[in-house]
Each structure stands twice: as structure tokens, then as C-alpha cells.
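Good morning, everyone, and thank you for making time for this. I would like to walk through one structure slowly, so please keep the picture in view while I talk.

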Amino acid sequence: MTTSKGPSVSQPATLNRAQPFTLTCHQCGAVYSRPELTPDQWAQCVRCNSVLESYATFTPFAWLAIILTTFICLGFANAYPVLTLYLQGQGQAATFFDAIAVVWQEGYPEVSVVTFAAGMILPIIHLSLLFWVLFPLSFGRLPLFFEQTIKIIDVLKPWCMVPVFLVGILVSAVKLAGLASLVLGIGLFATACAAILITSLGRLSQHRLRLMALDLGAPAHPPEVPKPPSPSQISRVWALVLAATIMYVPANLLPIMQITSVGGTSGHTIVGGVIELFQMGSWDIAIIVFVASVLVPVFKLVALSVLVSLTQFGSDRGLKSRTQLYRVVEFIGQWSMLDVFVVILLSALGQFGALLSIQPGSGAIAFGAVVILTMLAALSFDPRLAWRRAGHRRHVSSHIDSFNHGQERAR
């Protein structure tokens, strides 16, 4: 393991280093002694280049301030409209709750429940659990159910999609800009602030919260060396990838939304929506939608298939590159949800009776299933299994000095 330098920052006065213990790389399984990091350093695995720990610049009080600000932003984001559409003197405003209600009333409860959970319920639970952990830690105490809570935080984090919802608002605004007059609401700016803050809170993983508790002197358990990954995950990931591939066919063939206007009714598929954006001259937004809704799902399916295949055959080719590929797949997983958020917003805004009516299509259900299945497949795959099946067992650096100089010794 090596330590790398970054921008210099000042040390929080309330944080003290806990006694040395081992850190495990969750990407390749290497084990190291924890180093003493300075304000401009982070610890990096020498085998797969994953960052194991960075110097903590924020105290629990600082994180609590961010959490409370995020709660306020989410309150404004849902109390005020994100967009208001004016057509022939009529105005139609839409909040996130309006969009959920319209989709439910149109007969698509599956889409309504998934988007409501990803855009509101799970982010609020995630923020509440972070507050539960950080408030006692601010006073040097360990919260009740600490171990269970930080595990749940890690599980919820990938499913909190407020940043994706923000981009969905922008795409919806571009799609509707040519149809009628559009006014941006307070809810849009509040959503933007909440998205930025939630992205920053994503750094608070189970691992980071545990180290924070130990450095504050709270009686938390030191990180344990995780159990070896089970080979049974290969069949589970294959099943999820196959199911997602099957659902991807109707997701692209069936209309994801239907628009009824004075000129008649037309169905819009995902690719059709991208072509329409290009024709409107919004090529930049069209590229974003094409990447998020077409390229990203295909990329995830192909990448996961390659990763699982090479792991299944015990190949040692490009292990470091494959680990980096898995990190990319894990990171971009939620962005495929973009088109689903766009559909529910357009459905809420496009309610003008005979003049204009926008409803979700059956393709939205299939596409939502693709997003969920690919995310579950990525989360079910443990990259340590690739290293293990290729013959790389656990490595350990037993001294902090050797850790700082990037040396590792086989166990």
C-alpha cells in the first residue's frame, strides 16, 4: 500500500488517531496495517490502486451541518414546483409528489413506487441514519445499533437518486421548451442544492464512519478482515444479467410514454425520444439521454458479462483493469434511471385535457426493471473473487513503515 499526497488541509482538533490495526482492500482483498496519514495524504492499495482511506477533513459536527441543510433543501424541493408549464393561458405546475400521484393514477403503480422510493423515501432514510450515527459521535459517544446502522447506510447509498432526478428535470425542461412556455420553480433550485449535498454525503461509507468513531475514541470494533467471497455469486450475477437482458428488449421496443394532442396520439420509445431531441436542436441533452438510457445499460450488461466470465474461468488477465472497470459499473449504475424520472415529470406537467396529455408507457416498467436488475447484479458481484480465483490470495503489510513506502509482503 502507498500513501499519496493531495491538497494540504488542516487537522480537525477533535480527531485523534486510534491505535494501528489492519485495513482490507474491498476490491482485491489485500490486507495492510493502517498508516498515520498527514493532512495531504490518502492511502492507496498497491495491488489494485483502490483508495482505502483518505485524511478526514470534516468533523462529525461539520457533517451534521450538511445533513441538516440537505433536509431543508429536500423540504423546499418537494413543497414548491420544480417546473410550471403554460399552454394557451393555462398553467400546470409539478412537484415531485404531483409526478408520483399522476403516474399512479395512470395505472403504473410499479413505476410510481420505484421512483418515489429512489427520489424521496430512501434518501430521507439515508439522511436520518447518518444523523443517528453522527450526532452521538459529535460528543464522542457511540450510537445505539452502530454496527447495524452503518451496514444499512452502505446498502441504501446506491439507491438514493436525487442527482439523477435533477438531471431528469433539466431533460424534461428541454423536451417541453418547444411546446409551451416553461417557468423554472423554486423546487428546481432546491433539488440542485440537495443533489450536490447528497453527492458529498456519499463519501460517508460504513468503512469511513467506523474509522471516524475509532479516531474519536468511541468503543467501536476495529475493521475485521472480511470472509472470502463465495463462488456461488457467479450464478446469481449471471441470472440477474440474463433477466436484465431479456427485459431490455421490451424496454426499447415498447413506448416509454404516449403524447396525446390535437394532432393525435403518438408513442415515444427511448431511441425515438433521443432522435426527437436531436431534431429539436438540443443535441447536448440528446447525448446525455442517449448515454444514460442506451449506452449505460448496454455497457453495464456487457461489462458485467465480461467480468463474470473471466472470473468464472479463473483468468488472471488484466486484473487491475477489471477492478477499475467494476468500479465504473458500480458508479454509473443509478444513472440509467434518468428516463424513468423524465417520464414521470412529463406526465405531471402534460395534463391539459384535449390540448395536451402525456402518459407513461409500458416501456417505462420494463426499463425500470432493467435498471434495478443491473444494479443488483453489480452489487452482487465481489471483485475480490476475481483475484482469488486467479490465484492471488490475501497479502499483508505488517508495519506502518513498509505501508508508507508501498511495500507488501505475502502472508
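**Two helix pairs, the cores and a few single residues**

Let me begin with a pair of helices, where α1 passes α6 in a left-handed crossing. I should say straight away that what we are looking at is a predicted model. Helix α1 covers residues 60–79 and helix α6 covers residues 186–201, and their axes come within 8 Å and cross at roughly 150 degrees. Because the angle is over 145 degrees, α1 counts as roughly antiparallel to α6.

Which residues of α1 and α6 meet? From α1 we have W63, I66, I67, T69, T70, C73, L74, F76 and A77, and from α6 the partners are G187, A190, T191, C193, A194, L197, I198, S200 and L201. When we sort this contact by class, we find 13 nonpolar and five polar residues, and no charged ones.

For comparison, let us turn to a second pair, helix α10, which is residues 283–312, and helix α13, which is residues 362–380; these pack at an angle of about 35 degrees, with their axes 11 Å apart. Here, too, the crossing is left-handed as α10 passes α13. On the α10 side the contact is made by S293, P297, K300, L301 and L304, while α13 brings F367, V370, V371, T374, M375, A377 and A378. Nine of the residues in this contact are nonpolar, two are polar and one is charged.

Let me now step back to the whole protein, which has 15 helices and 13 strands. Of its 411 residues, 51% count as buried. If we take the contacts with a separation of 6 or more, 76% of them are between residues 24 or more positions apart.

That brings me to the nonpolar cores, and a general remark may help first: in soluble globular proteins, nonpolar side chains tend to be buried together. In this model the largest nonpolar core has 88 residues, and L134 and F341 are the ones with the most contacts inside it. The helix that gives the most to this core is α12, residues 338–349, with ten residues. Apart from that core lies another, of 17 residues, including L240, L373, A377 and L385.

What does L134 touch, if we leave out residues up to four places away in sequence? The residues are P60, W63, L64, I67, L204, L209 and M212, and you may remember W63 and I67 from the contact of α1 with α6.

I would like to finish with a few single residues, starting with N49, which is not a glycine and yet has a positive phi of about 70 degrees. You will find N49 in the loop between β4 (41–44) and β5 (51–54), and it is partly exposed, with a relative accessible area of 30%. F145 is also a residue other than glycine with a positive phi, in this case near 55 degrees. Its place is in the loop between α3 (109–137) and α4 (146–156). Is F145 buried or exposed? With a relative accessible area of 56%, F145 is exposed.

Lastly, V306 lies in helix α10 and counts as partly exposed, at 38% relative accessibility. V306 and R322 are 16 residues apart in sequence, and their C-alpha atoms are 9.0 Å apart in space.

Notes. Residues are numbered from 1 along each chain as its sequence is written. This is a predicted model: local features need pLDDT of at least 70, side-chain atom pairs count only at pLDDT 80 or more; totals for chains, interfaces and linings use all residues. Side-chain values use heavy atoms; hydrogens and water are left out. Axes are lines fitted to C-alpha atoms, for helices over the stretch in contact, and angles run from 0 to 180 degrees between N-to-C directions. Helices (H or I, at least four residues) and strands (E, at least two) are DSSP runs, numbered from the N terminus. Angles under 35 degrees count as roughly parallel, over 145 as roughly antiparallel, 65 to 115 as roughly perpendicular and the rest as oblique. A crossing is left-handed if the near helix is turned anticlockwise from the far one by less than a right angle, and right-handed if clockwise. Contact means heavy atoms within 4.5 Å. Ala, Val, Leu, Ile, Met, Phe, Trp, Tyr, Cys and Pro count as nonpolar, Asp, Glu, Lys and Arg as charged, and the others, Gly among them, as polar. A nonpolar core is a set of buried Ala, Val, Leu, Ile, Met, Phe, Trp, Tyr and Cys residues joined through side-chain atoms within 4.5 Å. Buried means under 20% relative accessible area, exposed over 50%, partly exposed in between (1.4 Å probe, protein chains only).
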